[in-house]
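Student: I would like to study this structure through a short series of questions. May we begin by looking at it?

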Amino acid sequence: MKHRFLSKRYWSSITTPMAEVVDLASKYKDIINLSLGDHDWITDKNVIDAAFKDTHQGHTKYTDSLGDPELREEIIKYYSEEYGYGLEMTEVMAVVGGCHGMHLVLEGILDDGDEVIVPEPFFTPYKHQIQLARGKMVALKTCEEDSFQIDSQELRNLITNRTKALILNTPNNPTGACYSKETLKNIAEIAVENDLIIISDDIYGAFSYGEAFQPITTLEGMKERTITIGSFSKDYAMTGWRIGYVLAPDYIIQCIRDINEGICFSAPSISQRAALHALSRRREIQSPMVDEYKKRVFYGYERICKIPKMSVLPPKGSFYLFVNIKETGLTSVEISKKILEEAHVLVIPGNAFGKCGEGYIRLACTVDIRALKEAFDRIEVICNNI
Ligand code: PMP
């Protein structure tokens, strides 16, 4: 809104299509909401109980600005056990979720006008986050024909003398793509050749249904140029706790810690305790949850394959289905509107994730199979009549 009391930077709206969708969720009583990436799964009870016990025992204060040392030790143990990857305490910082981590990192590394390459379709907030840090987002188009993988040559073509970093997000929101080890190795090679930083948004790591997830930072030679954004939101069903972490070389961690001193100083102590307990119980927590999401996305995949004028790639990761709707002859926004108004199912138009998301809609499988069945039954009726 244009108002003299507002900064001119914010006179034109920055509300993302994702944020707009939230208001629509209450439009119909029988709505099935497949729009937002939030769990219908509640944080594990043992984690909640242990976190509250710790709170009663005094974890109610600011923590070290890098985070609770016990949590950082547990994160180090996790990377060592799962990936044989070594970290120092000075290379780990607890943050208030992945978005906060990304903001601090971009603020810490970008000079005015620096370019950040982002594979498109992309998690909607990246673009604005880069702009807030006075950088410029450069979109690297990925397409369904290549299973939304990154084409090394196209990546090379976008690199200029202003390119500072590349944001990677695998398993990917919104496409569900998982970059193969081969792709990651090629990207690592390009990063080294061109002295680029990789910002790896690893927040859906647990939701890898094929090849096991491998953080790019663990590839040889990548530690010194990779900043990993981790989060407990998705992998542990802890979105509301607002807790995540950043792994990076110590001078970067020192810099973002200084930036954060005037923002929120430290992540909430209770959430850090919850994260610590979640990490130490990760196997028992994640395996039933990931199994359930896997069932849902494969159920969704099978249903979409039978719906006329819709198609989707076999699921690889995350809990999203990025559905091709081009054959309907409608735009992403038109079909989303039709599905909302006629089927009372809320989805996100693909162009919310960048221009090349046009022709797609994103479905989040964050409701149970019974609700998914009802949603697909209703969508099928619409598509039968287009
Ligand atoms: N990155 C991606 C790709 C996401 O999908 C999300 C949340 N939907 C985030 C980061 C932010 O997650 P959080 O701040 O809850 O950790």
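The exchange below turns to the ligand surroundings and then to the aromatic rings.

Student: Which residues come nearest to the ligand?
Tutor: The model is a predicted one. The ligand has 14 residues around it. By class, this shell has five nonpolar, six polar and three charged residues. Those that come nearest are G98, D201, Y204, S231 and S233.

Student: Which residue has a polar side-chain atom 2.6 Å from a nitrogen atom of the ligand?
Tutor: An oxygen atom of the ligand lies 2.8 Å from a polar side-chain atom of N173, and a backbone N or O atom of C99 lies 3.1 Å from an oxygen atom of the ligand. The nitrogen atom asked about lies 2.6 Å from a polar side-chain atom of D201.

Student: What share of the ligand's accessible area does the protein cover?
Tutor: On its own, the ligand has 400 Å² of accessible area. The part covered by the protein is 91%.

Student: Why is the pair of F123 and Y126 given its class?
Tutor: The structure holds 23 aromatic pairs. A pair of aromatic rings is described by the distance of the centres and the angle of the planes. Both F123 and Y126 are buried. Their ring centres are 5.4 Å apart and their planes stand at 80°, over the cut-off of 60 degrees, so the pair is edge-to-face.

Student: Which residue has its charged end over the ring of Y85?
Tutor: Ring pairs link Y85 into a cluster with Y78, Y79, Y83, F232, Y236 and Y245. Over the ring of Y85, 5.5 Å from its centre, sits the charged end of K223.

Methods: Residues are numbered from 1 along each chain as its sequence is written. This is a predicted model: local features need pLDDT of at least 70, side-chain atom pairs count only at pLDDT 80 or more; totals for chains, interfaces and linings use all residues. Side-chain values use heavy atoms; hydrogens and water are left out. A residue is near a molecule or strand if one of its heavy atoms lies within 4 Å of it. A polar contact is a pair of N or O atoms within 3.5 Å; within protein, one must be able to donate a hydrogen and the other to accept it, and residues adjacent in sequence count only if both atoms are side-chain atoms. Accessible areas come from the Shrake-Rupley method with a 1.4 Å probe; for residues, only the protein chains shown count as cover. Ala, Val, Leu, Ile, Met, Phe, Trp, Tyr, Cys and Pro count as nonpolar, Asp, Glu, Lys and Arg as charged, and the others, Gly among them, as polar. Rings of Phe, Tyr and Trp (its six-membered ring) pair if their centres lie within 6.5 Å; planes under 30 degrees apart count as stacked, over 60 as edge-to-face and the rest as tilted. Buried means under 20% relative accessible area, exposed over 50%, partly exposed in between (1.4 Å probe, protein chains only). A charge sits over a ring if NZ of Lys or CZ of Arg is within 6 Å of the ring centre and within 35 degrees of the ring normal.
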